[in-house]
Amino acid sequence: MRNAPRMRARGTQVLGLCFYWAWVYLSFNTTTSMNWDIGGSHALLWVHLTSTFVGAASYLAVILFSRRGAQLLKSRAVLYAAGIIMAAGSALSSTSQILGNTGLAVAGGALTGISSCWVLLKWGALYGEFSARTIVISTACSFFAAGLIYYGVSFFSFEIRSIVVTVLPLCAVFLFPDPGKMLKYWGEEGTTRTDADTVNATDSVDSKQSGSRTIFPISKLPWRIGVGLFIIMFVYGGVRVLLGTLDTTATDQSGLTILTVSIVCIIVAIWGLLFQGNYASLGTVYKFALPLLATTLLMIIIFGQTYAPSLSLFATACNVTIEILSWILLADLARTGKTPAFLTFAVGRMGVQAGMACGQAVGWMFFDWMQIFAIVSIFALMLVMGFMFEGDDGVLVFEAPTADELDSLPVDAGRSLEDHLKSIASAHELTPRETEIFVLWATGHGSKYIQDHFVISPATVKTHVRHIYEKCDVHSRAEIIALLEDRQPR
């Protein structure tokens, strides 16, 4: 059976995710910078801590009760309810600032923590249906547009900002496509299935799970990735609090902040354009971003309050880069793995939010020992660099040819397509296993089908893919399609 065609991202889908991230920027940052002034007020810190801790607990509940969670995710009414609760929580937090009531702010943070979980899982599962190239470019565009909204709103009064931050969650949910048609998870033999199909398929594959609260073995979830993201965001959460305590200036850095965010997004978008369908490694990019975060910690210790505003921008660049890469990583895992997409995102986002919350709490409570925090954090980041990615977990897999592309391949009369493909494989000295994978892929089977057919892991499939690219001397999906069309293999 041929792999189902990949969904194309529409402008509304990019905007929908953009509105969510714009809501995050405006809800948990000041309107002059993404840096806090914790020395002046702890209210924003309390709101963020409450929202992230409650959000992490909500993701854990989805994991532990995934059978019920899958059913709720199919419902548009649940999505709308989540958006309304997010809006109400945002309005409550804004009102608390006027009344000076921290209790109302914390209550608003709790409401947004519970409801944002469902909104983000919907969007995550949807992005897991995109191609690798579309995931990268759409994510970069969403974050870029969110930054523009954040910057634009900073010019308005507090009342206008409060209205915007209340409306954004509603925009994020109303732009989501029909869940019954578009919220899918990987099924068997390269096809896609809806939530209900996933439940049934899992029951038939793993009878031990029958009658349980989960639809997928909890032990097989991507916990290593979740732990890696937890450690990274733990470090960033501590850095953010340290900077917020040191930077007590009232300097408006909104322009520099949006410039920093824009540069990061543009670089990621260009990276996506250059590596369309290629074996670009997310692990390599992560290993570039994490030392930057460690460098920020060292600079905080060395320069302290003197350069706190500049270090804040540096930390913002690190955070935006890591957030974008984390979203791309989870979407690609949802796209290529056996785990239902919403569970992949639940594990990853639980790690992100729990890490951020714990890092902020520890950074606030142990500010006087920030040197020790920095040293421990740097060692933790070094551990993540070697622990988070194994083999080719972060490799973006190329897409199988579409039916139209297969029909257009020139094959000599009296010669089958399989013979043509084997001659190409032989000309480029592919191994027997690489040849088998190459033939399956070139006849329309996706990576999910290949890993199930040979009973191998996604990482092993990606390793074979990378070797095929290297031996065929191609650097993009377009080049390998051109190779298939070549009647005279080199």
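Leaving aside neighbours within four places in sequence, which residues is threonine 339 in contact with? In this predicted model, the partners are Phe216, Lys220, Leu221, Pro222 and Thr344. Threonine 339 sits in the loop between helix 13 and helix 14. Despite that loop address, threonine 339 is buried, with a relative accessible area of 11%, which falls under the 20% cut-off.

Let's step back to the whole chain for a moment. The protein chain has 21 helices and 2 strands. Of its 490 residues, buried ones make up 57%. The chain exposes about 19,500 Å², and carbon and sulfur atoms supply 64% of that area. If you look at contacts between residues at least 6 apart in sequence, 84% of them join residues at least 24 apart.

Before going further, a word on confidence. The pLDDT averages 76 over the protein chain, and 74% of the residues score at least 70. Residues 1-6 are one stretch to treat separately: pLDDT there is below 50, though the model gives this stretch 21 contacts beyond near neighbours in sequence. Residues 180-210 also stay under 50, and for them the model has 75 contacts beyond four places in sequence.

Now for the interior. The largest nonpolar core has 104 residues, and Tyr20 and Trp123 are the ones with the most contacts inside it. Helix 13 supplies the largest share of this core, with 14 residues. A second core, separate from that one, has 23 residues, among them Leu421, Leu440, Trp441 and Ala442. Back at tyrosine 20, the residues it touches, not counting those up to four places away in sequence, are Met86, Ser116, Val119, Leu120 and Ala172.

One place along from Ala172 in your sequence view is another residue to pick out. Cysteine 171 lies in helix 7, which covers residues 158-174. Cysteine 171 is partly exposed, at a relative accessible area of 26%. Its C-alpha atom is separated by 6.7 Å from that of glycine 16, although the two residues are 155 apart along the chain.

Helix 11 is worth a look too, running over residues 254-274. How far apart are its end C-alpha atoms? They are 30 Å apart, and since 21 residues at 1.5 Å a residue should span 30 Å, the two figures agree. The buried residues of helix 11 are Ser254, Thr257, Ile258, Thr260, Val261, Ser262, Val264, Cys265, Val268, Ala269, Trp271 and Gly272. That list takes in serines and threonines, including Ser254 and Thr257, along with residues such as Ile258 and Trp271.

That leaves the charged pairs. The count comes to 3 salt bridges. Let's start with the one on helix 13, where glutamate 323 forms a salt bridge with arginine 349, with 3.3 Å between the closest N and O atoms. Glutamate 323 lies in helix 13 (residues 308-336) and arginine 349 in helix 14 (residues 341-365), so the pair ties together parts that are 26 residues apart in sequence. These are the two helices on either side of the loop that holds threonine 339. Are the two partners buried or exposed? Glutamate 323 is buried at a relative accessible area of 10%, and arginine 349 also counts as buried, at 4% relative accessibility.

The other two salt bridges both involve helix 18. In one of them, arginine 433 pairs with glutamate 436, and the closest N and O atoms are 3.1 Å apart. Both residues lie in helix 18 (residues 432-442), 3 residues apart, or about one turn of the helix. Arginine 433 counts as partly exposed at 33% relative accessibility, and glutamate 436 is partly exposed as well, with a relative accessible area of 40%.

In the remaining pair, the side chains of lysine 471 and glutamate 434 meet in a salt bridge at 2.9 Å, N to O. Here the link is between distant parts of the chain: lysine 471 is in helix 20 (residues 458-472) and glutamate 434 is in helix 18, 37 residues apart. The two ends of this bridge fall into separate accessibility classes. Lysine 471 counts as partly exposed at 34% relative accessibility, whereas glutamate 434 is buried, with a relative accessible area of 4%.

Notes. Residues numbered from 1 in each chain as written. Predicted model: local features only at pLDDT ≥ 70, side-chain atom pairs only at ≥ 80, totals over all residues. Heavy atoms only, no water. Salt bridge = Lys/Arg side-chain N within 4 Å of Asp/Glu carboxyl O. Helix = DSSP H or I, 4+ residues; strand = E, 2+ residues; numbered from the N terminus. Buried < 20%, exposed > 50% of the residue type's maximum accessible area, 1.4 Å probe, protein only. Contact = heavy atoms within 4.5 Å. Areas by Shrake-Rupley, 256 points an atom, 1.4 Å probe, with all protein chains shown as cover. Expected span 1.5 Å × (residues − 1). Core = buried A, V, L, I, M, F, W, Y, C linked by side-chain atoms within 4.5 Å. pLDDT = per-residue confidence, 0-100.
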